[in-house]
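Please open the model in your viewer and keep the sequence panel beside it, since this tour moves from one selection to the next. At each stop there is something to select, followed by an account of what is found there.

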Amino acid sequence: TQEERLEISLAMAELYYDLESIKKSVEFYSQTLDGWNKGWCQQETKCENLQKRLRNFVVNWSKKKYKTLDPQLLHAFMLYANTFKSDMEIHMWTAHLALKLKNLNAATEFYIRTAQLAKNKSDAHSLEGARLGEIEAAEQTQNTTMQIKAYDHYLAELPQEKKVHEVKYL
């Protein structure tokens, strides 16, 4: 079945990861998410378990390689986040990793997505973290337009927060 194909593909990604063949692992991970996006997962219980495994794959990889900045890990996070668009935590982690890797456009994009998810969930703490991350990424680009946009986002959405005076005068 198509669900079995997804499970096998993810098992291959996990196997290649364990063998430290990261590029091949990400290829199978990408293949699994492509199948997911094509609607290959139909059985609710199997799909829930598969989604957990897909998420755990990037989370566990991140925990093991936290100090090692790996563009392949960022790619895997982006694949997951682009498939499961409501996972705010993964979006935030993707943004943080992109910032660490100096992929500033991706960092900005994922901080903006995280902020939108946080607003939808009325999560002020995550919203502030995302907007401050967006500012940090924009400042590193040295692109004045991006910086002003990031400052405006913060000021419009978080007018009562502690950092508002710092942001106002930048």
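Begin by selecting Lys 102, which counts as exposed at 54% relative accessibility, in a model that is predicted. Lys 102 lies in the loop between α5 and α6, the latter covering residues 104–120. If you check the backbone here, Lys 102 has a positive phi of about 65 degrees, although this residue is not a glycine.

Next, go to Glu 20, where a positive phi of about 65 degrees is again found in a residue that is not a glycine. Glu 20 has its place in the loop between α1 and α2, and with a relative accessibility of 65% it counts as exposed.

**The helices on either side of Glu 20**

Now select residues 2–18 as helix α1 and residues 22–37 as helix α2, and look along the pair: they pack at an angle of about 160 degrees, and their axes lie 7 Å apart. Because of that angle, α1 is roughly antiparallel to α2. The crossing in which α1 passes α2 is left-handed.

To see what fills this contact, show the side chains on both helices. From α1 come Leu 6, Ser 9, Leu 10, Met 12, Ala 13, Tyr 16 and Tyr 17, and these meet Ile 22, Lys 24, Ser 25, Phe 28, Tyr 29, Gln 31, Thr 32, Gly 35 and Trp 36 of α2. Sorted by class, the contact of α1 with α2 has 10 nonpolar residues, five polar residues and one charged residue.

**From Ile 22 to Asp 70**

Keep Ile 22 selected and add Asp 70, which is found in the loop between α3 (44–64) and α4 (71–83). Asp 70 and Ile 22 are 48 residues apart in sequence, while their C-alpha atoms are 9.9 Å apart in space. Is Asp 70 buried or exposed? With a relative accessibility of 16%, Asp 70 counts as buried. Leaving out residues up to four places away in sequence, Asp 70 touches Ile 22, Trp 61, Leu 97 and Leu 101.

**The disulfide**

Select Cys 41 and Cys 47 next, and display their sulfur atoms, which are 2.1 Å apart in the disulfide that these two residues form. A disulfide is a covalent bond between the sulfur atoms of two cysteines. The link of Cys 41 and Cys 47 is left-handed, with -125 degrees about the S-S bond, and both Cys 41 and Cys 47 are buried. How many disulfides does the count come to? The count comes to one disulfide.

**A second helix pair**

Move on to helix α5, residues 88–100, and helix α7, residues 124–141, which pack at an angle of about 20 degrees with their axes 11 Å apart. That angle is why α5 is described as roughly parallel to α7. Here, too, you can examine the handedness, and the crossing of α5 and α7 is left-handed.

With side chains displayed, Met 88, Met 92 and Leu 99 of α5 can be seen to meet Ser 126, Gly 129, Ala 130, Glu 136, Ala 137 and Gln 140 of α7. By class, this contact of α5 with α7 has five nonpolar residues, three polar residues and one charged residue.

Within this contact, pause at Ser 126, a residue of helix α7. Ser 126 is buried, its relative accessible area being 16%. Which residues is Ser 126 in contact with, leaving aside its neighbours within four places in sequence? They are Met 88, Met 92 and Ala 118.

**Zooming out**

Finally, clear the selections and colour the whole protein chain by secondary structure, which comes to nine helices and zero strands. Read along the sequence, the chain follows the pattern α-α-α-α-α-α-α-α-α. Taken along the principal axes, the C-alpha atoms of the chain fill a box of roughly 55 × 30 × 25 Å. If you then colour by accessibility, buried residues make up 44% of the 170 residues in the chain. As for how the chain meets itself, among contacts between residues at least 6 apart in sequence, 56% join residues at least 24 apart.

Terms used. Residues numbered from 1 in each chain as written. Predicted model: local features only at pLDDT ≥ 70, side-chain atom pairs only at ≥ 80, totals over all residues. Heavy atoms only, no water. Axes fitted to C-alpha atoms, helices over the stretch in contact; angles between N-to-C directions. Helix = DSSP H or I, 4+ residues; strand = E, 2+ residues; numbered from the N terminus. Parallel < 35°, antiparallel > 145°, perpendicular 65-115°, else oblique. Left-handed = near helix turned anticlockwise from the far one by under 90°. Contact = heavy atoms within 4.5 Å. Nonpolar A, V, L, I, M, F, W, Y, C, P; charged D, E, K, R; others polar. Disulfide = S-S within 2.5 Å. Buried < 20%, exposed > 50% of the residue type's maximum accessible area, 1.4 Å probe, protein only.
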